[in-house]
Amino acid sequence: MKFYGAPGACSLGIHIVLEEVGASYDFVPVDLFQGEQFRAEFRRVNAKGKVPALSRDDGSVLTEFPAIAFWLARTFPAAGLLPEGLEAEVRALELIDFIVSSIHMQGFTLAKVAQKFVTHEEGQAQLRETGWGLFQSGLARLSDRLGEKDWFLGTYSIADAAAFYVLNWAERESRPLPDNLVAFAARMRTRPAVLAALQQEGLA
Ligand SMILES: N[C@@H](CCC(=O)N[C@@H](CS)C(=O)NCC(=O)O)C(=O)O
């Protein structure tokens, strides 16, 4: 398989899952700052111009974080990254979707790239403020959801890999974080798979 990701981007969560399941893959870094996601070569992989993207052994390409994470967890069941049973599965998807579509796509995206949505500076400042507000309220929800547990769903799962990428951003941006989320991020960094992904992305 070929895994297309950008160092430190949301694709880090998928990189962690690939390492956790022991998949054989080549990491293809996509430089978002140089605009590689817009170039024809990458558009042939993912016409949406986004990472993560996973080109599988049959040549088909899977995109969107929740879909890739779910597929990897189900394809490599021995890794135990998705608890068994419908209720557990939908709770995992519920949490991952909240992380990706609310904390990331609404909160962090508005906060960091407001200029993509509005051209005038005043509007951008408003969007940034709204974005950081949504990001922080999302993290507060994550903190409540984790509580005193080690892992979000009780056992380690793809939801933890998703949570880690937004927490990594929070730390990078020096955002305030509840104690249990700081401890969770530190716990994640003790996992060999997480360290391996961070190292490959030049972040360890
Ligand atoms: N909904 C997508 C989000 C993917 C996404 O927004 N990726 C960002 C990096 S964190 C990206 O590729 N951005 C490039 C761009 O928007 O130009 C998913 O779940 O995979």
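**Domain arrangement, helix packing and selected residues**

In the predicted model, S55 is found in strand β3, which spans residues 53-55. The relative accessible area of S55 is 16%, and because buried residues are those under 20%, S55 counts as buried. Apart from neighbours within four places in sequence, the residues in contact with S55 are M1, K2, Y4, S60 and V61.

Strand β3 also contributes to the surroundings of helix α1 (residues 11-21), as it is among the elements that cover the buried residues of this helix. The other elements include the strands β1 (2-5) and β2 (26-29), together with the helices α3 (65-75), α6 and α8 (192-200). Helix α1 is mostly covered, with ten of its eleven residues buried; these are S11, L12, G13, I14, H15, I16, V17, L18, E20 and V21. The helix is followed by G22, for which phi is positive, near 75 degrees.

At the level of the whole chain, the protein is divided into domain 1, covering residues 2-80, and domain 2, covering residues 86-191. The centres of domain 1 and domain 2, taken over C-alpha atoms, are separated by 20 Å. Across the boundary between them, 16 residues of domain 1 are in contact with 16 residues of domain 2.

Helix α6 (residues 158-172), already named as part of the cover of α1, also packs with helix α4 (residues 86-112), the axes of the two helices coming within 9 Å and crossing at roughly 20 degrees. Because angles under 35 degrees count as roughly parallel, α4 is described as roughly parallel to α6. The crossing of α4 and α6 is left-handed. On the side of α4, the contact is formed by L95, I96, I99, V100, I103, H104 and F108, which meet I158, A159, A162, A163, Y165, V166, W169 and R172 of α6. Sorted by class, the contact of α4 with α6 comprises 13 nonpolar residues, one polar residue and one charged residue.

Helix α5 (residues 121-146) contains A140. In contrast to S55, which is buried, A140 is partly exposed, with a relative accessible area of 38%. A140 and E121 lie 19 residues apart along the chain, and their C-alpha atoms are separated by 29 Å.

Note on methods:
Residues are numbered from 1 along each chain as its sequence is written. This is a predicted model: local features need pLDDT of at least 70, side-chain atom pairs count only at pLDDT 80 or more; totals for chains, interfaces and linings use all residues. Side-chain values use heavy atoms; hydrogens and water are left out. Helices (H or I, at least four residues) and strands (E, at least two) are DSSP runs, numbered from the N terminus. Buried means under 20% relative accessible area, exposed over 50%, partly exposed in between (1.4 Å probe, protein chains only). Contact means heavy atoms within 4.5 Å. Axes are lines fitted to C-alpha atoms, for helices over the stretch in contact, and angles run from 0 to 180 degrees between N-to-C directions. Angles under 35 degrees count as roughly parallel, over 145 as roughly antiparallel, 65 to 115 as roughly perpendicular and the rest as oblique. A crossing is left-handed if the near helix is turned anticlockwise from the far one by less than a right angle, and right-handed if clockwise. Ala, Val, Leu, Ile, Met, Phe, Trp, Tyr, Cys and Pro count as nonpolar, Asp, Glu, Lys and Arg as charged, and the others, Gly among them, as polar. Domain bounds come from an automatic or database domain assignment.
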